[in-house]
Amino acid sequence: RMLQRFRHGRVFFAGDSAHQVSPFGARGGNSGIEDADNLAWKLELVLKGAAPEALLESYDSERVPAQRENVAISSRTINFMSAKGPAALAFRDAVLELAEGTPFARAFVNSGRLSTPAVLCGSPLNTPDRDGFSGALVPGAAALDAPVSKAGNEGWLLAELGGDFTLLVFGGSAAVEAALNALPAALPRPRLVAVAAEREGDGALLDVKGVAFRRYDARPGTAYLVRPDQHVAARWREVDARSLSAALARALGREDEAHAPAIAGE
C-alpha cells in the first residue's frame with residue numbers, strides 16, 4: 001500500500017507512513033532510508049536559500065515512482081510464493097520441479113530480490129546525456145562503489161562522495177578547473193574529486209584495480225556531477241562551464257537558470 005503523494009504542503013511522508021511493502025528483500029527499511037536521503041539535502045538547501053521551494057516537489061516525483069517499483073517487485077514475489085488460481089499454481093509447481101535439475105528454470109524461482117536503489121530516470125533534476133556512454137550509470141542512477149587508494153591508504157570511492165554536490169573527474173583535465181572557476185557566484189561550487197589511473201599528485205584518488213574507470217565507462221576528462229544523495233545528476237566526456245552551470249541549476253530546481261543562454265562572466 002502507498003499514498004498517492006508523499007508531499008502534502010509542508011508535510012512530507014516517508015518510510016512506512018508513506019508506503020508498506022511485503023517483507024521481501026529488506027525493502028521497507030531501505031526505502032525509508034532512501035526517502036530520508038532524498039529529502040534531507042533538499043530541505044537543507046531550501047532552508048539555506050540556495051534552492052527554491054520548488055526543489056521539494058521533486059521528492060514526490062522521485063520517491064513515488066521508486067516506491068511503485070518496490071511494490072511491483074515485492075508483489076511478484078508474494079504472487080509466486082502464494083500462487084493465486086490454478087494457472088499460477090501450476091506454473092509455480094512446474095518451475096520448482098524443473099529448477100532442481102534444469103538451470104534455465106532457476107531464474108524463474110522468485111524468492112525475493114534484494115533491495116537496490118531505484119534509478120530516478122524520470123527525475124526533473126536530471127540532465128539528459130549529450131555524449132555516448134555505456135553501462136548502468138545513467139543520470140538518476142545511484143553512484144557505484146570501487147576500491148581506491150588515497151595517499152597510500154586503501155579505501156572506497158563512495159566514501160568520497162555525498163553530503164554536497166560533487167564533480168567526479170577521471171584523469172587530469174584543465175577544462176574541469178576552468179568550468180568550476182567560471183560558475184556563477186549564485187550557484188554552489190561542487191567539491192572536486194579526481195580519480196587517476198596512475199599516480200597524478202597527492203589530491204587524486206588512485207584507481208588501484210581499474211574498477212572505477214570501468215564501472216563509470218570513463219576515460220581521461222570524463223566527469224560526473226553527483227548529488228548530495230549520491231545519485232548521478234549529469235555526466236560528460238568533457239565538461240564546460242555552460243554545461244556544468246546548467247546541470248547544477250537544474251539539479252537545484254532552478255529551472256530558469258538551467259536554460260539561461262549564458263553564464264556570468266562569459
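# Cavity, pocket and salt bridges in a predicted model

Q: Which residues line the largest cavity?
A: Keep in mind that this is a predicted model. A search of the whole structure finds one cavity of 30 Å³ or more. Its wall is made by Arg27, Glu34, Arg63, Ala66, Glu69, Asn70, Thr116 and Ala118.

Q: What is the volume of the largest cavity?
A: Rolling a probe the size of a water molecule over the atoms shows where empty space is left. For the largest cavity, that space comes to about 50 Å³.

Q: Which helix gives the largest share of the lining of the largest cavity?
A: Two helices are in play here, since helix 1 and helix 2 (57-81) each supply at least two residues of that lining. Four residues make up the largest share, and they come from helix 2.

Q: How many charged residues are in the lining of the largest cavity?
A: Sort the lining by class and you get two nonpolar residues and two polar ones. The charged group, by the same sorting, numbers four.

Q: Which residues lie closest to the centre of the largest pocket?
A: Now to the open space: the largest pocket holds about 210 Å³. Its lining counts 14 residues, and the closest to the centre are Glu34, Asp37, Pro117, Asp229 and His231.

Q: Which helix contributes the largest share of the lining of the largest pocket, and how many residues is that?
A: By class, this lining has six nonpolar, four polar and four charged residues. As for where they sit, the largest share comes from helix 1 (residues 27-48), with four residues.

Q: How far apart in sequence are the parts that Arg5 and Glu57 tie together?
A: The structure holds 18 salt bridges, and one of them joins the side chains of Arg5 and Glu57 at 2.4 Å, N to O. Arg5 lies in the segment before strand 1 (7-8) and Glu57 in helix 2, so the parts they tie together are separated in sequence by 52 residues.

Q: Why do Arg5 and Glu57 count as partly exposed?
A: The class runs between the buried limit of 20% and the exposed limit of 50% relative accessible area. Arg5 is partly exposed because its value is 34%. Glu57 is partly exposed too, because its value is 33%.

Q: Are Glu62 and Arg227 buried or exposed?
A: These two side chains meet in a salt bridge of 2.7 Å, N to O. Glu62 sits in helix 2 and Arg227 in the loop between strand 8 and strand 9, so the pair ties together parts that are 165 residues apart in sequence. As for accessibility, both Glu62 and Arg227 are buried.

Q: Where is Arg130, the partner of Asp240?
A: The side chains of Asp240 and Arg130 meet in a salt bridge at 3.3 Å, N to O. The pair links distant parts of the chain, 110 residues apart, with Asp240 in the loop between strand 9 and helix 7 (241-251). Arg130, for its part, is in the loop between helix 4 and strand 3.

Q: What is the relative accessibility of Arg130?
A: Its partner Asp240 is partly exposed, with a relative accessible area of 29%. Arg130 also counts as partly exposed, at 44%.

Q: Which residues are joined into one network by salt bridges that share partners?
A: Arg5 and Glu57 already came up as a pair. Through shared partners, the network takes in Arg5, Arg7, Glu53, Glu57 and Asp60.

Q: What is the phi of Asp217?
A: Most residues other than glycine have a negative phi. Asp217, in the loop between helix 6 (211-215) and strand 8 (223-226), is partly exposed at 21% relative accessibility. Its phi is positive, near 45°.

Q: What is the phi of Gln230, which is not a glycine?
A: Gln230 is found in the loop between strand 8 and strand 9 (232-236). Its relative accessible area of 22% makes Gln230 partly exposed. The phi of Gln230 is positive, about 70°.

Q: How much accessible area do Phe91, Leu98, Phe104 and Phe108 have together?
A: One of them, Phe108, is placed in the loop between helix 4 (103-106) and strand 3 (147-150). Phe108 counts as partly exposed, at 44% relative accessibility. The four residues form a nonpolar patch on the surface, and their accessible area together is about 430 Å².

Methods. Residues numbered from 1 in each chain as written. Predicted model: local features only at pLDDT ≥ 70, side-chain atom pairs only at ≥ 80, totals over all residues. Heavy atoms only, no water. Patch = residues over 30% accessible without salt bridge, like charges linked within 9 Å, V, L, I, M, F, W, Y side chains within 5 Å. Areas by Shrake-Rupley, 256 points an atom, 1.4 Å probe, with all protein chains shown as cover. Buried < 20%, exposed > 50% of the residue type's maximum accessible area, 1.4 Å probe, protein only. 1 Å grid on protein atoms, 1.4 Å probe; cavity = no way out; pocket = protein on both sides within 12 Å on 5 of 7 lines; lining within 4 Å. Points joined across faces, edges and corners; volume = space filled by probe spheres on them. Nonpolar A, V, L, I, M, F, W, Y, C, P; charged D, E, K, R; others polar.
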